[in-house]
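Hi there,

Here is the structure I promised to pass on. Have a look at it first, and my notes follow below.

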Amino acid sequence: MDVKFLNPFVEAAVEVLKAEIGVNVQRGSLSLHQSALTTDDVTVLIHLVGQVYGVVMYGMNTETGIRFVTQILGQEFTEFDSLAQSGVAELGNVISGRATIKFSQAGYASNISPPTLISGKGIQISTLDFPRIVVPLQTNLGELTVHLALRENRNGKLEEFVALTPAAKGS
Amino acid sequence: MNVKFLNPFVEAAYEVLRAETGMEISRGELRLEQGMYVTDDVTVILSLVGAVEGTVFYSMNRLAAVRFASIMMGESLIELDGLAQSGIAEIGNVITGRASMKLSENGYESNISTPSLILGKGASISTLDYPRLVVPLVTDAGSVEIHLALREGKRGLKTPQIAVPSAKAVNG
């Protein structure tokens with residue numbers, strides 16, 4: 001994976017965690033993995049489609065997830081219920097959305113899919129032939145691990161389609 | 001979920017499975033699920049982005065996965081190794097790609113993501129506020145369930161788009 005796709009995600013994650021949760025983030029050491037990811041309790045999975053494509057996953061344990069949503073939604077959670085799940089999924093969504101804005105500023109247009117939430121520890125998620133960069137982000141509420149399996153689309157998948165001009169719209 | 005997004009997937013799955021396996025396929029009963037999906041052994045996940053957006057899962061048990069991969073790869077695989085995994089992911093990719101072509105013929109232009117593969121039974125996958133339409137497909141090699149959690153896109157491709165001729169040349 002190209003390392004230039006790493007920084008937009010790290011910056012976006014740091015900004016969003018600070019703004020939404022009010023925590024400072026320390027980046028742990030990066031690692032590159034070829035093998036499948038073994039999940040922690042909670043994993044938010046979002047696909048990117050466009051000039052940068054692939055998959056981004058955000059992993060955390062349940063306690064961290066609960067502490068994060070307690071901050072985001074401003075109410076106490078005792079269990080990881082469906083509201084908590086949607087809060088955590090939204091966190092992944094906002095970080096990824098912000099990262100794609102940074103990508104498009106750098107000239108790589110891409111869109112993100114709606115988030116999918118995977119609960120269950122010890123399941124394997126394979127990105128197949130996409131290697132993964134793993135970035136642990138430590139906060140005082142727990143650790144968020146960002147997994148990036150992204151590539152540049154040199155064929156320009158989005159360019160297979162041409163936008164209609166307003167005049168041609170009626171035809 | 002809008003049912004008009006269902007048929008392109010069912011047709012694409014029939015065509016692809018029939019072409020790849022040469023087997024007859026029968027469709028089980030449709031159902032709509034609101035809650036979490038508890039995984040079977042193997043799940044292929046793909047997303048659609050564009051005028052139709054959301055997630056598609058293809059789930060099957062290990063035995064069916066190995067059989068499908070063996071047929072795809074043209075060699076008899078015994079376990080779900082890397083080759084078998086990529087074969088299964090490719091089936092999901094081909095079905096989804098074909099379905100998205102059919103969707104675009106109906107005016108819903110969308111792009112598909114790369115497949116991700118989830119291995120392990122008993123995890124819960126939530127598509128959050130997207131309900132899932134589940135289509136079981138049964139073949140002699142085993143059954144596959146297609147889960148569709150799709151919507152008309154509110155974000156994504158903002159301008160009306162039309163496919164250039166080259167994008168349609170593969171049809172047929």
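Which residue with a positive phi follows H3(B)? That residue is Gly107(B), with phi near 95 degrees. Please keep in mind throughout that this is a predicted model.

The helix before that glycine, H3 of chain B, takes in residues 82-105, 24 residues in total. From first C-alpha to last, H3(B) reaches 35 Å, close to the 34 Å expected at 1.5 Å a residue.

Stepping back to the whole of chain B, you will find three helices and eleven strands. Starting at the N terminus, the order is α-β-β-β-β-β-α-α-β-β-β-β-β-β. The chain has 172 residues, of which 46% are buried. Among its contacts with a separation of 6 or more, 70% link residues 24 or more positions apart.

The part I enjoyed looking at was strand S7 of chain B, residues 116-119. Side chains in a regular strand alternate between the two faces of the sheet. In S7(B) both faces are covered: Ser116(B) and Ile118(B) are buried on one side, and Leu117(B) and Leu119(B) are buried on the other.

S7(B) also has partners in both chains. Within chain B, it pairs in the antiparallel sense with S4 (residues 42-50) over four bridges, and Val42(B) has Leu119(B) as its bridge partner. Across to chain A, S7(B) pairs with strand S8 (residues 124-126), again in the antiparallel sense, over three bridges. There, Ile125(A) stands opposite Ile118(B), one of the buried residues of S7(B).

Happy to talk it through whenever suits you.

Best wishes

Note on methods:
Residues numbered from 1 in each chain as written. Chains lettered and ligands numbered in written order. Predicted model: local features only at pLDDT ≥ 70, side-chain atom pairs only at ≥ 80, totals over all residues. Helix = DSSP H or I, 4+ residues; strand = E, 2+ residues; numbered from the N terminus. Buried ≥ 20, exposed ≤ 12 C-beta atoms within 10 Å, placed from the backbone. Contact = placed C-beta atoms within 7 Å. Expected span 1.5 Å × (residues − 1). Pairing = 2+ DSSP bridges.
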